[in-house]
Each structure stands twice: as C-alpha cells, then as structure tokens.
Amino acid sequence: MKDEVTRDERVSNLKGLGCSRKRVEDARFTQGKGNYIDDMNLPGTLTGDFVRSPYAHARIKSINIDAAMALDGVVAVLTAKDLEPLGLHWMPTLAGDKQMVLADGKVLFQGQEVAFVVASDRYIASDAVELVEVEYEELPVIVDPFKSMQSDVVLREDLDPKAPGAHGPRKHHNHIFTWEVGDEEGTNAVIDDADIVAEESMYYHRTHPCPLEPCGCVASMDKVNGKLTLWGTFQAPHVVRTVASLLSGIEEHNIRVVSPDIGGGFGNKVGVYPGYICSIVASIVTGVPVKWVEDRMENLMSTAFARDYWMKGKISATKEGKITGLHCHVTADHGAFDACADPTKFPAGFMNICTGSYDIPIAYLGVDGVYTNKAPGGVSYRCSFRVTEAVYFIERMIEVLAIEMDMDAAELRRINFIKKEQFPYNSALGWEYDSGDYHTAWDKALKAVDYDGLRKEQAERVAAFKRGETRTIMGIGLSFFTEIVGAGPVKNCDILGMGMFDSCEIRIHPTGSAVARLGTISQGQGHATTFAQILASEIGISAESITIEEGDTDTAPYGLGTYGSRSTPVAGAAAAMAGRKIRAKAQMIAAYLLEVHDDDVEFDVDRFVIKGAPERFKTMGEIAYAAYNQAIPGLEPGLEAVSYYDPPNMTYPFGAYVCVMDIDVDTGVPTINRFYALDDCGTRINPMVIEGQIHGGLTEALAVALGQEIAYDDMGNHKNATLMDFFLPTAWEVPNYETDFTVTPSPHHPIGAKGVGESPHVGGVPCFSNAVQDAFRPFGNRHTNMPHDHWRIWKTANDLGMHD
Ligand code: MCN
Ligand code: CUM
C-alpha cells in the first residue's frame, strides 16, 4: 500500500476547514440557473395580489368586489369575511400577539392587506385590485410611540385594554409589554453616587433590509392526495410547516414546505405574512397552484422592518474612567402588531447585551413596547435579535462618556474591556460570554490604522479648519462589539414552543461521496460550500464530494432555520457531531478490515491508519464501500448519521472596527477614506466567505448609518417606499474595506466556530456613525441621530455654527 500523495496534498484535497474554497452555488447563480420563487411556473398557476390600504388608520365601512369579479380572468376576491369561517382572518405572530391576515373592520397601517385578488395572471390581478371598491372612514393616526402612550385613541380594539399581553401587564391600551433585566435600584444608587455620569438619548431609526428578491410563495393543494406543498422565501421552512399545520388543521405530514434559492433574506423572510395564508386558502378554494410575489413597494411598506428604538442611557464612571454602572430605557415602536421574530422569552431580543464588551459591574435595562400606525416587524436586518441596537447604544454611550471626561475614546474602551482571563464572563444583565480576547484585537486594530498618527492628523485638520484653510473635517470612528449568536440553548430559546436546536443528517454513498441535509437554509451565505467543508474535515471526504441540501421539509431533518447567525453555531455544530458519529463507525470498520483492535487505529485526514504504522491504512473511500459490502458481521450495513444539536450556550464573536472619514461641512457629504474591520468568529471555516459576509454587512451598515430609513409623515404615509427614495449604497459609495482577524475559538462549539453573518452590521453601524460624530466632536458635538445623510450632516455643521 504505497501512497503517492503527501499528507499536505491530502489535506488540501479535502478543501476542509480554513480553505477559501470557491462557492459551489455560484456556477448556478452566475449563469442564470438559480431557481427563485418567481421562477416556479406550475401549469395552471393563478396569481394573487393584494388590495392594500392607502390609510394608516381607518375604519372599513364596506368592500365591494363586484367590479373586480366581473373582470375576465378574475377567479376570486378574498376578504376577511371569507377567511373568518376558517378562523384565518387573524393569525398568531411569533411574538405572542395576533395580526390581521385581511383587514377585519379596520386598518392599522398604510399598505395593510385588505383583500386578496386571485386571477389568471399578474396583470389581470393588478387591474382587478384597482376595481375593488373599499369605503374607508379615516381615524386619527399615531406614528409617535410617546404620543401613543398618552393618546385616548385605541389602536388595537381587538384587545381588552385591561388584560395583560403575552409578556405581562400592559400600562395603557396602546402599550404592548414591559421587559426588565438587571437591578434598577442598585444601578440608580451607583449612578447617583458616581464621580462622573453621562446621559444621552438616541434614536435608532426604522429601516428595512430590502432584499433583492421580495417575499413570495406558491401554494399548491393537491386535493386528490390531500397534500399541500408550499414553496416560498422562507428562512425557517420547518417552522412555516408547523405553523401552517396548526393554522389549517392539515396534518403536518401532508404539508411540504420548500425554500428554493432565496435572493437575500436578512431577517425579512423569517416571519409569516398574510400572502402565505391567502395563497394557501386560495389554492384550497380553487384547487390549482396560487402564486403570490410582492413588489418592491409592498416589500418596503409591509414586511418586517428593523429597529425603531428610542434609547435613553446613563453611564457612570470613576475619575479614572472605570465604568461603574449602566442604565438603559427603551421605547420600542412595534407598529400595529407585535410581529417581532424573537425567541419567545425575549420580547426585546438580546438587547440585554447592551453592556457590550465592557466589564460593567451593575446594569439595568427596561424596554416598553408600544403600538403605532406603522407596519409590524422589528427584528430583521443582520440584527442578531436587537444586538444591533444594543451595540449602537453602548458604543455611543462610550463616546459620550469620553466627551464628558475629555478623554480619548480608544483608551476609555481599553480601560473597561473584559479581560481575557475573565472568560467565561458573566455579564451584569445575565449572559455568559464564552470566550474573548478584546485587548489583543483592539491593539492590533489601532496599530494597523496607526491610531495615534490619525489623531495627530485630525488635530492638524481642526487647526487648519479654524484658520480657514479647509472646509473639510476628519472623523475617526471607533467601535468594538460583542455579538451573541447561535440561539440556542433549548432551555432559554424557543419559537412558538419549539426549542431552537438544529440538525444535520449525513449519508455516505458506497463510492465515498455523500449527501448531507440540514435544518437551516441559505439565503446567500454559501451554506452549500461551507457546511461541506466542516464535514470534509470531520469525515475525511473531500468537500467536492459532499452535496449539501437544505430547505425541503420532506427531506431535511427538522431545524429552526437561518437567522441570528445561528447556522454555524448550531447547525454547524450538528454537522460536526453527525460527522463524528460517521467517523466512530468508520473506525470500527477500518479496524476490522485491518484486523486490529478499534483502539489501535487513528484518524488521519482522509483515512484510518494503524497507530505507529501509518503505511497500513484504510481510506474513507474504502471504508464507505466496505460499509455497504463487507461490514462487520452483526453490524448493520450503511454509513449514515444524524445529529440534533442543542448548544450548551450561544457564541460571542467580537470585532474591532475603525472608519476614517472626511466631511465637507458645506455640502454635508462624507468621504470614507479608510475602513478597517477586524473580526473574531473563532475557528474560520472559509475565509473568503467570511470576507464576503463582512463586505456585505459593512455595506448594509453604511446604508443604515448614512442615509437609509423608513420614514412616515404625520398621516402615517410611508415616505420611502421606492428605491428612488430609499438609499441603497452602490459601488460608488462603498469604500475599499480592509479586513483582518484574530481567532479565539468558542470553547463549547465542537469545532470552535462562532457565527459571523451579522457581526459586520452590528459593529459597522456604530463605527460609521461614530466617525461622523467624531468629526464634529472638536466643534462641540455630543450626539446627533442617524441616518447621517447629507442634509443632516450639513445641519449638524450649521447648528454648530460652522457655516458662520
Ligand atoms: N462562516 C465561516 N466561519 C465561521 C462562521 C461563519 O466560514 N466561523 C461562514 C458560514 O459557513 C456561512 C457564512 O459564513 O457560510 C455565514 O454563517 P453564519 O454566521 O453562521 O450565519 P448564517 O449562515 O446563519 O446566516 C445568517 C446571517 C443573518 S442572520 C443575516 S440577517 C444575513 C447574513 O447571514 N443574511 C444574509 N448574511 C447574509 N448574506 C447573504 N448573502 N444574504 C443574506 O440574506
Ligand atoms: Cu436579525 S436578521 Mo438575521 O437574524 O435573519
């Protein structure tokens, strides 16, 4: 048995962990072979389209569908009245609230679904939408959560004003919940006695991830076999199947949910939307497939938005700058229905990671959720369940404290970082951070950008500006973030009672290739590439020989889906564990074939070798063949394994970002000269995919920080529902990102990997925002709210007297 290939070559042939393997899905995507929901064209498919409310708050006096029904090609027009006998005119939300599927007596936000037209094609459906006559009686509109809490106007007439909500007592008829974590009394006492206290209020505006592909589905009820198939843009197909079964009464084995290729999800495709329910009902009624695909405007107006958090903070410190306490209160605008897709016990997501990367001995967080006349949602857009808001809050509070103390913000961070030896670290608000080495990352970042040199340059620029020699100022944006991803522990995290584990099932074929199926679903993250790499390293079969399948509930094991950057921490762990089961059986087979005891063989890259005699071995290919042909007598044939993984903890990736920016004070235009991003996501599976995730997340962070927003006027009119008005950065605005890393493995994850998909957004937004604010700091700025679009930046300069 002579081996021609070196060990290094064998390792490289595997394309396993650490390899920048090219994305296998890209051949399909770049050659027009992707299969997105709108590519689904089953014979006889009808199209659904919504009549939507032009008003943000109105009573519905009547709906007349006669003219629409009279149009050639229109098959049905569904209203709440049609859904009511089925109990489907309202649906439960993931946050324990309920939401109208079709307007039931009134509408609560502009763009709300009022009627569902089903027609032979999209054009006819659109024409028919125009023919549905709805008589509205306008009601007073509330778009401000503070006013909402004072108003006599009852938004949710369906709720008993005195009854508690899903998360306890309600303070007012427009109040949803109060969520409190930490020790308020103790925190207040510390802050009252502190040498230094900084206070600030900030608004993290409402925005929207605006995926390239909007949401949609195709429902097909096969009345002969009693089977319902639902294809759609679902980030959690199994959960959709369970919800569909619970709502429709169709037994779960008779429902198949399939997520085909998804053109970006970003959390926008986690929730259950009226379009799904209406398509299913329409297919059941008509007996043919019904397709619903929203357009851009509908996507921006009615599907899951992000943020809309009004945050008020107090932070205290000693004269030396050691933080002693943190108090945070949030007023959370949830819109008309609380449809946040958070784990059940966390109505404000993981906002209680707002102590950030700092060793803060005592803290308190209180969140009040409030109804307004805006679209429902709240958790989306690379947010890790509100970690975006938490990190923005603490990274702004640190900057404000630095201003209060007249101190350098990089140094203030360094003094307060949790130290390497403090991990696992228990935070004041209840999390156990698994691992971290913040000082090393921070030092590396500051050195890479020559931080001291930058500050000198900035000081020179300030002086030049004051001398009237330049009209541009320079900002140095800093952020250090700790993420919390991988929900995760079933004991803490569930969605609608389903624990948040994940799964992988792997089957090795006789000739040594394999198929693995997981409970997650890629929306562009490259799972088909990277999960194969985890398995390649675990089982010694090249990633090129492993097919990854996700998103078909008939074949994939039950999983909770992809969001909260949980795929790597949870399904990735399941993949490693399933791989280890395969390896354990392979070891027995190898030992049998080599006629030695199980303990006398060891795994080596792609084979089992006899300890001390590596020239005697069986490759995984040989073992796979033997598993089907010559297995050990008494041992069942085949080589398959499945793992359902309940992680013991979440993972806590972190990073250090620096943005260097010039600002023209006369035009308000920022120019990003440098963006450095150091990420630590533990063991790196595919550095190239990680880099892609970081570029994407940073670009979305740039968008949010520098211009993107969902704004409403006082009438509740949505002001940015087209891409003319909604800022999407292009190559023109995007700088050349410099990426870097450190590796601090997660101690509890089987391969030490942490998630990364949301990190660049979580850390990026405060970094861009801090850069703008830092530029104005020498001129007296303390805090201005995002988005820092050209007008707002100009206005900041103007307010600071820089145009005088
Ligand atoms: N990865 C890696 N090494 C690590 C961690 C991750 O190589 N240590 C790779 C993974 O193998 C995977 C990718 O990075 O291919 C992202 O992994 P992970 O951080 O586990 O995140 P998820 O796969 O669970 O993706 C979800 C995350 C979320 S919640 C949003 S929102 C978001 C994001 O991913 N949506 C995206 N990135 C996106 N990228 C694209 N293209 N499209 C979206 O909709
Ligand atoms: Cu919060 S957006 Mo991602 O979790 O799908």
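# Exercises on ligands, cavities and backbone

An oxygen atom of ligand 1 sits 3.1 Å from a polar backbone atom of Phe266. The model used in these exercises is predicted.

**Exercise 1.** Which residues come nearest to ligand 1, and which backbone atoms lie beside its oxygen and nitrogen atoms?

*Solution.*
Step 1. Take the residues around ligand 1, 32 in number; Gly265, His527, Thr568, Gln693 and Val756 come nearest.
Step 2. Look at Val756 again: a polar backbone atom of this residue is 2.6 Å from an oxygen atom of the ligand.
Step 3. Turn to a nitrogen atom of ligand 1, which has a backbone N or O atom of Thr683 at 2.8 Å.
Step 4. Add Phe266, where a polar backbone atom is 3.1 Å from a ligand oxygen.

**Exercise 2.** Find what donor the protein gives to the copper atom of ligand 2, and place that residue in the fold.

*Solution.*
Step 1. Search for N, O and S atoms within 2.8 Å of the metal. The protein supplies a single donor, SG of Cys383, at a distance of 2.3 Å.
Step 2. Locate Cys383 in the loop that runs between strand E18 (377–378) and helix H11 (387–405).
Step 3. Check the backbone beside it. Arg382, in the loop between E18 and H11, has a phi near 45°, a positive value in a residue other than glycine. Most residues other than glycine have a negative phi.

**Exercise 3.** Describe the shell around ligand 2 by residue, class and polar contact.

*Solution.*
Step 1. List the residues around the ligand: Gln235, Phe266, Gly267, Ser380, Tyr381, Arg382, Cys383, Ser384, Tyr563, Gly564 and Glu758.
Step 2. Sort them by class, which yields four nonpolar, five polar and two charged residues.
Step 3. Find the polar contacts. From a side chain, a polar atom of Gln235 is 3.0 Å from an oxygen atom of ligand 2. From the backbone, a polar atom of Gly267 is 3.1 Å from a ligand oxygen, and one of Gly564 is 2.5 Å from a ligand oxygen.
Step 4. Compare with ligand 1: Phe266 belongs to the shell of ligand 2 and also has a polar backbone atom 3.1 Å from an oxygen atom of ligand 1.

**Exercise 4.** How many cavities of 30 Å³ or more are there, and what lines the largest cavity and the second largest cavity?

*Solution.*
Step 1. Apply the volume cut-off; four cavities of 30 Å³ or more are counted.
Step 2. Take the largest cavity, with about 200 Å³ of space. Its lining has 21 residues, and Gln99, Gly271, Val272, Tyr273 and Ala339 lie nearest the centre. Strand E4 (90–92) and E18 are the elements that give two or more residues to this lining.
Step 3. Assign classes and domains for the largest cavity. The lining holds 14 nonpolar, seven polar and no charged residues. At least three residues come from each of domain 2 (37–139 + 214–262 + 269–302) and domain 3 (305–486 + 650–799).
Step 4. Repeat for the second largest cavity, with about 50 Å³ of space. Leu94, Ala236, Val239, Val240, Val270, Val272, Ile495, Leu560 and Tyr563 line it. By class these are nine nonpolar, no polar and no charged.
Step 5. Connect the sites: Tyr563 lines the second largest cavity and is among the residues around ligand 2.

**Exercise 5.** Where do the cis peptide bonds to Pro424 and Pro787 lie?

*Solution.*
Step 1. Recall that most peptide bonds are trans.
Step 2. Phe423 and Pro424 are joined by a cis bond with omega about -5°. Pro424 is in the loop between helix H12 (409–416) and strand E19 (425–426).
Step 3. From Met786 to Pro787 the bond is cis, omega being near -10°. Pro787 lies in the loop between helix H19 (759–776) and helix H20 (790–799).

Notes. Residues numbered from 1 in each chain as written. Chains lettered and ligands numbered in written order. Predicted model: local features only at pLDDT ≥ 70, side-chain atom pairs only at ≥ 80, totals over all residues. Heavy atoms only, no water. Donors = N, O, S within 2.8 Å, 3.2 Å for Na, K, Ca; no water. Helix = DSSP H or I, 4+ residues; strand = E, 2+ residues; numbered from the N terminus. 1 Å grid on protein atoms, 1.4 Å probe; cavity = no way out; pocket = protein on both sides within 12 Å on 5 of 7 lines; lining within 4 Å. Points joined across faces, edges and corners; volume = space filled by probe spheres on them. Nonpolar A, V, L, I, M, F, W, Y, C, P; charged D, E, K, R; others polar. Domains from an automatic or database assignment. Near = heavy atom within 4 Å. Polar contact = N/O pair within 3.5 Å; in protein donor to acceptor, adjacent residues only side chain to side chain.
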